[in-house]
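User: Hey, can you walk me through how this one is put together? I'd like to start with a sheet and then look at some helix packing.

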Amino acid sequence: MAEAHAAVAFSFTVTPDGVDVNLNHEALHAVWESGVISWKKRIGKLKNNFHNGVFPASPLSLLFFVTIVLAIKTAGWDASMGVINVLHLHVPVVNSYSYSVGQYLSTLLFALFLWLVTIMTIRYFLKLLLTYHGWMYEMHGTLSLRTKLWLGLIRIFGGRKPMLNSYQASLPKLPVPSLHDTMQRYLESVESLMEEERYNRMKKLAKEFEDGLGRKLQRYLILKSWWATNYVSDWWEQYVYLRGRAPIMINSNYYGIDALLVKPTDQQASRAANLISIMLKYRREVDREELNPIVLNKTVPLCSAQYERQFNTTRIPGIETDTLVHFKDSSHIAVLHKGRYFKVYIRHKRRLLEPIEIEAMLQRILDDEAEPVEGEAHLAALTAVERVPWAKARKDFFSKGKNKASLDAIEKAAFVVSLDTENIDYDPNDPTALDSYGHSMLHGSGCNRWFDKSFTLVVFPNGRVGFNAEHSWADAPISAHSWEVMIEMDRRIGYRDDGRCQGTMVYQPPNPIRLEWDFPKPCLDLIETCRIQAQLLCEDVDLHIMMHSAYGKGFIKTCKVSPDAYIQLALQLAYYRSAGKFCLTYESSMTRLFREGRTETVRSCTKDTCAFVKAMEAKADNQELIKLMKKAAGTHQNLYRDAMTGAGIDRHLFCLYVVSKYVGQDSPFLAEVLSEPWRLSTSQTPHQQTDKLDLNKYPDRICGGGGFGPVADDGYGVSYIIAGEDTIFFHISCKNSCPTTGAHKFGRLIEKSFADMKAIFNNASSRDRTLSTSL
């Protein structure tokens, strides 16, 4: 209990001789240091807010305005058209001075006013410019004059050297699509998936909804869009994520894996220390807004709101709804090893610890052979299963005493680190090795990942790494961004020849603090029940990570087809060959062109897609297949662009459904639409979101991407990442309990689809060469 005593800054005792006060100078110093760091953050935040408040102008522009206005006034010209004199006469603070001083102060006030008006005008004009999305539909063609003018204006008014949140106030709001357009898009998306009788019934329901209840719900939604920053995001977070009572392990959380072609060290503590240090410095960049915002084509900024909650964030279980709690700062991380939990401090004397210092603390944990207390090894299973039992247990068993203190240490940590005990690695001669990697990242044992934390960094004994992330706080591109930075900075920092961290120990870091628990019998019984349930959930997951290296983006681009559209067509072909039918398909798209935007659904299974797949199965002529493929790819690209620019289908329907529940009027149309299962749920993992990673110079640094669990019990979850020019990683998941699905089977069908689609172009090229030779 030495740490508990040290946490008390002073104590006193009352004796017959008086009051005896004992001061703990070390604790008081820690309090002082914490206060200094807190005030530095507040001052930095104030500075950043001012910088962002005047962006895209510079704070120095105020000096320019003041100088020009004073110069004009001194020269005897009144550029204010009498405003300066009015200020001098009617502003009490100003007219109390002499005439010359009053004129000077009035001139300063006018310059300030003119500067503020100019800034507001520029920001509003920039917001108007960012509402234009025609450029997206012209990216691969000849730019129109309108788009060229728009690009020029963006470069003039877009500002220089933006901070992470500089563009936030200039981003437009997500628009509410017209009800009629959404109905038409929905009917088009399901026409090829429904029997004629059912489609006609849905068409009738859609018409009744559009002409009746839909109009009322739409008015409420438009009203919300005027009032709220984003009409979707808060409801999406609340109802899709936080109100879900099902387990978040597998069903909601997602994972990412290492750069598989390199392994900088085989020392677990060293790799963990380097990555922890990098992540903490990345957190500091986010806090200080020193991280560059992502700007598409070096022109159009994306919303940065999701970065705020990446660290110091946890999900708190509740009976009806969970709560996402973000702490302003954290001076420690939580480490899990062999079923034991440790609190590890990450600061000393107002600075972050160096990798070699963190390494020493982690090595002490690895060398500690103490056993976990009863129930501790399986404690994290509480976060893996249904939310209600965990919420009740948290209230009953973790609301006071050492259990509360230890749980606070985990939940208030910057993030959680799991030092695993079993090796996981990439072996090109053993395809199942990657499958084990994916299983370990998605769910582990069900007891060795704290699934409520914003993310858990996992480090294996051989130095391999990965992460498991909770989904409600942000979407996968945010995690992918930090992961790319971490992988690249790990290369730059490097390791010594023996695999240990660089640097020299100048300060002996504090010992890790072992967290203490005291579980009563009912709590132990619940933990064991949750362990069994978590194990059953894990055993039901069929997961396959496939490294497709026959060809990749390089060849696809020669076909003049979007790589993402090409992959989606291959997935549709694979699913049709597997199931003998088409299915409702979900592809995730981002809406971060708008403030606080998150995601939208691209319904990838279109009429044109179905036509191409059927023609492939009918072995149509190669030229006809190429024509159908390009038409289907073009349709897919337009749907993706529509989703990105606020003209999607599903978020609009979702919000209309939420409004219908608020007003107490059910809609048969909305109820049926929102109950349709997504049997093929897909997502592309973005890469090269940072300029720190040069894949042309270091192609082996591409990450293997990540994945997620299946959305439907009888469906597939497919995530993919285009890794350079010649490789595509697929992460395929489904459920073992479903007799009609199989991750490896689907993987083989994807490979066959890729081979058959490539053959179309190869055969067409051979035919063209033969014809030209004969001529």
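User: What's the strand order in the open sheet with six strands, and is the pairing given?
Analyst: The order is β16-β22-β21-β19-β17-β18, with mixed pairing. Strands are DSSP runs of E with at least two residues, numbered from the N terminus, and two of them pair if DSSP finds at least two bridges between them. This is a predicted model, where local features need pLDDT of at least 70, side-chain atom pairs count only at pLDDT 80 or more, and totals for chains, interfaces and linings use all residues. Residues are numbered from 1 along each chain as its sequence is written, and side-chain values use heavy atoms, with hydrogens and water left out.

User: Which are the edge strands?
Analyst: β16 (541–548) and β18 (599–603), each pairing on one side only. The twist averages 20 degrees from one strand to the next.

User: How does β17 pair with β18?
Analyst: β17 (residues 585–590) runs antiparallel to β18, over five bridges. Met590 sits opposite Thr599 of β18.

User: Switching to β3: which way do its residues point, and are they buried or exposed?
Analyst: In β3 (residues 254–257), Tyr254 and Gly256 point one way, Tyr255 and Ile257 the other, and all are buried. Buried means under 20% relative accessible area with a 1.4 Å probe, protein chains only.

User: Which strands does β3 bridge to?
Analyst: Four bridges join β3 to β14 (residues 465–469), antiparallel, and three join β3 to β20 (residues 706–708), also antiparallel. Gly256 has Phe467 as its bridge partner in β14 and Gly706 in β20.

User: Now helices. How do α21 and α22 cross?
Analyst: The axes of α21 (residues 607–617) and α22 (residues 622–644) come within 8 Å and cross at roughly 155 degrees. That makes the two helices roughly antiparallel, a label for angles over 145 degrees. Helices are DSSP runs of H or I with at least four residues. Axes are lines fitted to C-alpha atoms over the stretch in contact, and angles run from 0 to 180 degrees between N-to-C directions.

User: Which residues meet there?
Analyst: Among them, Phe612 and Met616 in α21, and Leu625 and Leu628 in α22. Contact means heavy atoms within 4.5 Å.

User: And how do α12 and α17 cross?
Analyst: The axes of α12 (residues 268–288) and α17 (residues 476–493) come within 9 Å and cross at roughly 125 degrees. They are therefore oblique to each other; oblique covers whatever is left after under 35 (roughly parallel), over 145 and 65 to 115 degrees (roughly perpendicular).

Key
Buried means under 20% relative accessible area, exposed over 50%, partly exposed in between (1.4 Å probe, protein chains only).
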